[in-house]
Amino acid sequence: MGDLPIGTLLRKLSPPVMLALLIQSIYNIVDSYFVSQYSLSGLTALSIAFPIQLLMTALGTGTGTGLNLLISRMDGNGKNGRQKDVVKSGLCLGVWNFLLFTFIGMLLIEGYYDLSSGQTAVRAEGRRYTRIIFLGSLGLFVESNCTKLLQAKGNMATPMLAQVAGAVINILLDPILIFGLPGAPALGVAGAAIATVAGQWAAMAIVLRAVCRTYDMRGRFRVRDCARIYQSGFPSMMMQALYTLYIVGLNLILKQFTEDAVTVLGIYYKLQTFFFIPLMGLQQVMVPVISFNDGAQNHRRVKDTLWYSIGISSAVMALGTAVFLVFPEELLSIFGASPSILRIGAPALRIISVSFLPAGFAMMFTVYFQGTGNGKSSLFITVLRQVVLLVPLAWLFHFAGLRYVWLTFPVTEIAAMCCCFLLYRRGSGAMRDQTAEKGTAMGAEQG
């Protein structure tokens, strides 16, 4: 973390994480593909369930990110004597997250679907799907924490292997359980949920075994360590949680036009994962690299990590923009889109794709701010993108028509990118002043 050139380090660590997350995203995409062949109402139900799954992921990965940050900083500053207590507390939090989310989710899911859809079939299939996802979510929450613990030690290969195994199980079980092949009962959307849960549990088993071999498991559960984990991971948790809330808000706005627009938004979020997920993988690599070097007071390597990451993200997002501009109909057709969905979705994908490049910048800066202990700036950018701008702008634009709602994405991301540069310049100036003061003090001592 502290010796390899940053470019070499990112090229070494990033591909396994990017691939692992890309494979993980296949869970929802594969479910949606097979469910779309089973029923269009089921596809809409999964589009409405998507924000709930993102909220679960936000809690899981946010907690895991807090663990990752604490372990990496302990390694960077040499204070790793109490790592075993942090590890034990973190694993216990995985179980607590499962119990908390499942209890609240089971209470609220009925009202959520009543609010989100006017179609009886959509509401029934959505509730059936999400209840199974809730009850089986222990695999997701424990796996998230274990994955981040392994990544904190530079082990990117085992989490990738776990995600590959989970995705393969999910893909194999989907057609069997959804359509009843060969001879199994046809469970529809419930089968898709069971396949997803089975894949998550398989991934959990692999990474949990690796964590037990990597860390001293004789630590003690400490409430104080749990608080530190949540505190460190809070910006990441909020980033993803707000992401969920704005999708719910957009769904409610789009529903006023037609539920086909809600389906288009759901399809878009599945398609964009092929380009945003690699960036999320890059973010996960940035966290331990930046945290380690920030803990070691090596600010040059911290900034190099940011700018190398921006270069990689720009290349990925440029490719994504080109694909969405040129092939929108082909992308929508993957999910058996109806003519009305194609009519709404093709211009939507083209307009939204303009936001990809500035979004890539904002994603890298938020992790930079978080990794350098500037959680307020990270949280500010997240709130700006997903609360202050996105849904209010969508509400204003919807008075002009459906096509203007999609303009919300590029307007929001460009504004957020500009704010990132301003905060970065202000932070860089403060860092230079701090370094100059330290150098002056050292010179005075030597004199």
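# A walk through helices, rings and hollows

Trp96 sits in helix H3. Before we go on, keep in mind that this is a predicted model. With a relative accessibility of 45%, Trp96 counts as partly exposed. Where does the chain come back to Trp96 in space? Phe141 lies 45 residues away from Trp96 in sequence, yet their C-alpha atoms are 9.0 Å apart.

A similar meeting involves Leu150, a residue of helix H5 (residues 138–152). Leu150 has a relative accessibility of 0%, so it counts as buried. Leu150 and Tyr215 are 65 residues apart along the chain, and 9.2 Å separates their C-alpha atoms.

## Three helices side by side

Here are three helices with their lengths from end to end.

| Helix | Residues in helix | First to last C-alpha | Expected span |
|---|---|---|---|
| H6 (residues 157–179) | 23 residues | 34 Å | 33 Å |
| H9 (residues 259–271) | 13 residues | 19 Å | 18 Å |
| H15 (residues 375–397) | 23 residues | 31 Å | 33 Å |

In H6, the span is close to the expected value. Even so, H6 has a kink of about 35 degrees at Leu173, shortly before the proline Pro175. The buried residues of H6 include Pro159, Ala162, Gln163, Gly166, Ala167 and Asn170. Further along H6, Asp174, Pro175, Leu177 and Ile178 are among the buried residues as well. An α-helix has 3.6 residues a turn, so residues three or four places apart point the same way. That is a handy idea to carry along when you look at lists of buried residues. After H6 comes Gly180, which has a positive phi, near 80 degrees.

H15 agrees with its expected span too. What happens at Leu384 in H15? The helix bends there by about 40 degrees. Leu384 is also one of the buried residues of H15. Others in that set include Ser377, Ile381, Arg385, Leu389 and Leu393.

How many of the 13 residues of H9 are buried? The count is 12, so H9 is largely enclosed by the rest of the structure. Among these buried residues are Glu259 and Lys270, together with Ala261, Val264, Leu265 and Ile267. Tyr268 and Tyr269 of H9 are buried too, and both will turn up again among the aromatic rings.

## Rings that meet

The structure contains 22 aromatic pairs. Why is the pair of Phe361 and Phe421 called tilted? Their ring centres are 5.8 Å apart and their planes stand at 50 degrees, so the pair falls into the tilted class, which covers angles that are neither under 30 degrees nor over 60. This pair joins distant parts of the chain, with Phe361 in helix H14 (residues 356–371) and Phe421 in helix H17 (residues 408–446), 60 residues apart.

Are the two partners buried or exposed, or something in between? Phe361 has 17% relative accessibility and counts as buried, because the cut-off for buried is under 20%. Phe421, at 28%, counts as partly exposed.

Rings also gather in a group. One aromatic cluster is formed by Phe50, Tyr268, Tyr269, Phe275, Phe276, Phe324, Phe356 and Phe409.

## Pockets and cavities

Now for the empty spaces. Rolling a probe the size of a water molecule over the atoms shows where empty space is left.

The largest pocket has a volume of about 280 Å³. It is lined by 13 residues, and those nearest its centre are Ile52, Leu55, Phe101, Leu108 and Tyr112. Helix H2 (40–77), helix H3 (83–116) and H8 each give two or more residues to this lining. Which element gives the largest share of the lining of the largest pocket? H3 does, with six residues; this is also the helix that holds Trp96. By class, the lining has 11 nonpolar residues, two polar ones and no charged ones.

There are also two cavities of 30 Å³ or more. The second largest cavity has a volume of about 40 Å³. Its lining consists of Ile48, Ser116, Val248, Asn251, Leu252 and Val262. Helix H8 (residues 223–255) gives the largest share of that lining, three residues. Four of the lining residues of this cavity are nonpolar, two are polar and none is charged. Val262 links back to an earlier part of our walk, as it is one of the buried residues of H9.

Definitions and conventions:
Residues are numbered from 1 along each chain as its sequence is written. This is a predicted model: local features need pLDDT of at least 70, side-chain atom pairs count only at pLDDT 80 or more; totals for chains, interfaces and linings use all residues. Side-chain values use heavy atoms; hydrogens and water are left out. On a 1 Å grid over the protein atoms alone, a cavity is a set of points where a 1.4 Å probe fits but cannot get out, and a pocket is an open set with protein on both sides within 12 Å along at least five of seven lines; lining residues have an atom within 4 Å of a point. Grid points are joined across faces, edges and corners, and a volume is the space filled by probe spheres set on the points. Helices (H or I, at least four residues) and strands (E, at least two) are DSSP runs, numbered from the N terminus. Ala, Val, Leu, Ile, Met, Phe, Trp, Tyr, Cys and Pro count as nonpolar, Asp, Glu, Lys and Arg as charged, and the others, Gly among them, as polar. The expected span of a helix is 1.5 Å times one less than its number of residues. The bend at a residue is the angle between axes fitted to the seven residues ending there and the seven starting there. Buried means under 20% relative accessible area, exposed over 50%, partly exposed in between (1.4 Å probe, protein chains only). Rings of Phe, Tyr and Trp (its six-membered ring) pair if their centres lie within 6.5 Å; planes under 30 degrees apart count as stacked, over 60 as edge-to-face and the rest as tilted.
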